[in-house]
Amino acid sequence: MIATIFLAFCAWTITLLFICSVWQTLSKGTNYVKMLHQIPCAGCEYFTNDYRLKCTVHPKKACSPEAICCVDFKVKTACCNATQKGQRKLC
Ligand code: SF4
C-alpha cells in the first residue's frame, strides 16, 4: 500500500515537472520570437539585403538583437533593396 502511494506520488511529480518544463520552454521561445520581431533592419533604408554587407552603417549589428534600438534607423523609402522570390529587384 505504501509502495503504491509512493509510486503514484512519483508519477504525478514527474508529470507536473514535465508540464512545467514544457511551459517554460514555450514561454522562452515566444519571448525570443517577440524579441526577434523587434529588430527593425528589414524596414531600414540602410539595409542592403545582401548577406555580404547587411547594413552600410552598422554591418556588425545589423539583423541582431543589438539593432533593436539602433539610433540610425531610417524608414525605407527606396524599393531597390527589396527582394522578390529571392532575387534582387532592379528599380
Ligand atoms: S542602420 Fe541600424 S536599423 Fe538600419 S539596417 Fe543598420 S543596424 Fe539595422
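These legends describe close-up views of a predicted model of a protein chain with a ligand.

**View 1. The whole chain follows the pattern α-β-β**. The protein chain holds 1 helix and 2 strands. The helix α1 covers residues 2–36, and the strand β1 covers residues 83–84. A loop lies between α1 and β1. The chain has 91 residues, and buried residues make up 15% of them. Look also at contacts between residues with a separation of 6 or more. Of these contacts, 57% join residues 24 or more positions apart.

**View 2. One cavity appears in a search of the whole structure**. The search finds 1 cavity of 30 Å³ or more. The largest cavity has a volume of about 100 Å³. Its lining counts 13 residues. Closest to the centre are Cys 41, Cys 44, Cys 55, Ala 67 and Cys 70. By class, the lining has 10 nonpolar, 1 polar and 2 charged residues.

**View 3. The ligand sits in the largest cavity**. Which residues are around the ligand? Four cysteines are listed by name: Cys 41, Cys 44, Cys 55 and Cys 70. The aromatic rings come from Tyr 46, Phe 47 and Phe 73. Pro 40, His 58, Ala 62 and Asp 72 complete the list. How does this shell divide by class? It has 9 nonpolar residues, 1 polar residue and 1 charged residue. Cysteine and tyrosine count as nonpolar here. Asp counts as charged, so Asp 72 is the charged residue of the shell.

**View 4. Asn 49 has a positive phi**. Where is Asn 49 placed? Asn 49 is in the loop between α1 and β1. Its phi is near 60°, and the residue is not a glycine. Most residues other than glycine have a negative phi. Is Asn 49 buried or partly exposed? Asn 49 has a relative accessible area of 34%, so it is partly exposed. The partly exposed class runs between 20% and 50%.

**View 5. Cys 63 also has a positive phi**. Cys 63 is not a glycine, yet its phi is about 60°. Cys 63 is found in the loop between α1 and β1. The relative accessible area of Cys 63 is 36%, so this residue is partly exposed.

Note on methods:
Residues are numbered from 1 along each chain as its sequence is written. This is a predicted model: local features need pLDDT of at least 70, side-chain atom pairs count only at pLDDT 80 or more; totals for chains, interfaces and linings use all residues. Side-chain values use heavy atoms; hydrogens and water are left out. A residue is near a molecule or strand if one of its heavy atoms lies within 4 Å of it. On a 1 Å grid over the protein atoms alone, a cavity is a set of points where a 1.4 Å probe fits but cannot get out, and a pocket is an open set with protein on both sides within 12 Å along at least five of seven lines; lining residues have an atom within 4 Å of a point. A molecule sits in a cavity or pocket if more than half of its atoms lie within 2 Å of its grid points. Helices (H or I, at least four residues) and strands (E, at least two) are DSSP runs, numbered from the N terminus. Buried means under 20% relative accessible area, exposed over 50%, partly exposed in between (1.4 Å probe, protein chains only). Grid points are joined across faces, edges and corners, and a volume is the space filled by probe spheres set on the points. Contact means heavy atoms within 4.5 Å.
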